[in-house]
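Subject: A structure for you to look at

Hi there,

Here is the structure I promised to pass on. Please have a look at it first, and then read on for my notes.

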Amino acid sequence: MNPATKPTETNQPSAHLRLVSDRAGSAASGITLSGVSKTYRSRDGDVPSLRPLDFHINEGEFFVVVGPSGCGKSTLLKMISGLLAPSTGEILVEGEPVTKPHGNVGIVFQNALLLPWRNILSNVMFPIDMKKLPRNEYLPRAKALLKLVGLEGFEKKLPWQLSGGMQQRASICRALVHDPKIMLMDEPFGALDAMTREKMNVELMRIQRETGKTVLLITHSIPEAVFLADRVLVMTERPGAIAAIYDVPLPRPRSLDAMADPAFTELVQRIRKHFFTQSALD
Ligand SMILES: Nc1ncnc2c1ncn2[C@@H]1O[C@H](COP(=O)(O)OP(=O)(O)OP(=O)(O)O)[C@@H](O)[C@H]1O
């Protein structure tokens with residue numbers, strides 16, 4: 001095995017893992033989870049969704065989470081954004097405990113969720129209007145972001161006049177417009193066709209390089225995870241725990257040719273082995 005593709009640490013599904021990553025950074029920056037778990041309380045009983053998780057995502061890192069359906073990936077993302085409270089543990093974003101929705105994150109969902117009556121520029125400006133930030137200050141930034149993702153000239157169009165991939169690019173701009181330190185992306189390209197999805201992957205890596213954002217992305221696609229990530233966190237079935245965290249040994253910048261690299265194939269296979277008995281992943 002290529003030593004660079006060794007998992008940082010693995011655990012048995014039942015064990016509470018205190019993961020000591022060799023890339024562990026300071027809790028004053030990035031995202032830090034300490035003993036974070038989630039059990040949903042419902043009328044039908046408790047639904048344990050995440051076992052206690054401990055890990056750190058470094059500032060400026062591209063961190064990707066893969067795991068079977070229902071293992072708690074979206075729950076994890078909602079807790080980091082402050083939309084959902086953990087049952088146990090603490091989350092720090094940029095050194096600050098997360099106790100409520102906060103402005104340090106931009107979120108991109110599977111569907112672009114643009115407002116159909118607002119034009120593209122106005123959709124990108126939506127968080128600015130919601131947060132009552134000065135429009136004049138952020139308008140040039142919104143336009144610059146649209147240019148960065150190749151949507152210059154489409155500012156006045158309505159969402160239905162754009163393709164799915166273009167709409168998703170606009171939603172990435174919307175997530176970035178208030179200049180959050182962190183981008184949280186929940187299956188952002190799951191609804192796109194395979195070719196558009198590949199283009200969007202390349203595009204997203206370019207945006208991340210140019211903006212230096214910390215990205216936490218969730219995907220069901222192992223090749224997509226390895227292609228995009230600095231590190232890939234592999235989750236077990238629900239209630240989700242950390243099965244392993246892998247460093248991706250591919251140099252940057254990456255083009256689609258990286259998928260032909262033996263190190264890429266090796267790591268994809270290694271991660272796939274975690275799900276051998278499962279059919280939930282690509
Ligand atoms: N509000 C809720 N009340 C009760 N159970 C919930 C609630 N939200 C999620 N769950 C349960 O928690 C588990 C984790 O859900 P979550 O959506 O985080 O998984 P996921 O890994 O993102 O799934 P998928 O990959 O299919 O999107 C699932 O079993 C789900 O049924």
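Below is what I found, going from the annotated region to the strands, the helices and the core.

Please keep in mind that this is a predicted model. UniProt, in an unreviewed entry, lists residues 31-262 as "domain: ABC transporter". Over that stretch, the chain is 31% helix and 28% strand, and its end C-alpha atoms lie 31 Å apart.

A good place to start is strand E2, residues 31-42, which pairs with strand E3, residues 45-57, in the antiparallel sense over nine bridges. Together E2 and E3 make a hairpin, with two residues between them. If you want a pair to locate on screen, leucine 33 has phenylalanine 55 in E3 as its bridge partner. E2 also runs antiparallel to strand E5, residues 88-93, and five bridges join the two. There, isoleucine 31 is bridged to valine 93 of E5.

Next comes helix H1, residues 73-81. This helix is mostly covered, with seven of its nine residues buried. Among the buried ones are Lys73, Thr75 and Ser81, as well as Leu76, Leu77 and Ile80. After H1 comes glycine 82, which has a positive phi, near 90°.

Helix H4 was the one I spent some time on. It has 14 residues (135-148), so at 1.5 Å a residue it should span 20 Å, and its end C-alpha atoms are indeed 20 Å apart. Which residues of H4 are buried? They are Tyr138, Ala142, Leu145 and Leu146. These cover an arc of only 95° around the axis, which means that they sit on the same side of H4. They pack against helices H2 (120-124), H3 (126-130) and H5 (164-176). The face of H4 turned away from this buried side carries exposed residues: Asn136, Glu137, Pro140 and Ala144. Just after H4, glycine 150 takes a positive phi of about 80°.

Finally, the core. In soluble globular proteins, nonpolar side chains tend to be buried together. Here the largest nonpolar core has 73 residues, and those with the most contacts inside it are Val64, Ile80, Cys173, Leu216, Val226 and Val232. Ile80 is also one of the buried residues of H1. Cysteine 173 links back to H4: leaving aside residues up to four places away in sequence, it touches Ala142, Leu145 and Leu146, along with Val124 and Val149.

Enjoy exploring it!

Best wishes

How values were computed. Residues numbered from 1 in each chain as written. Predicted model: local features only at pLDDT ≥ 70, side-chain atom pairs only at ≥ 80, totals over all residues. Helix = DSSP H or I, 4+ residues; strand = E, 2+ residues; numbered from the N terminus. Expected span 1.5 Å × (residues − 1). Buried ≥ 20, exposed ≤ 12 C-beta atoms within 10 Å, placed from the backbone. Arc of directions from axis to C-beta. Contact = placed C-beta atoms within 7 Å. Core = buried A, V, L, I, M, F, W, Y, C linked by C-beta atoms within 7 Å. Pairing = 2+ DSSP bridges. UniProt positions renumbered as here; feature names shortened; annotations may be inferred.
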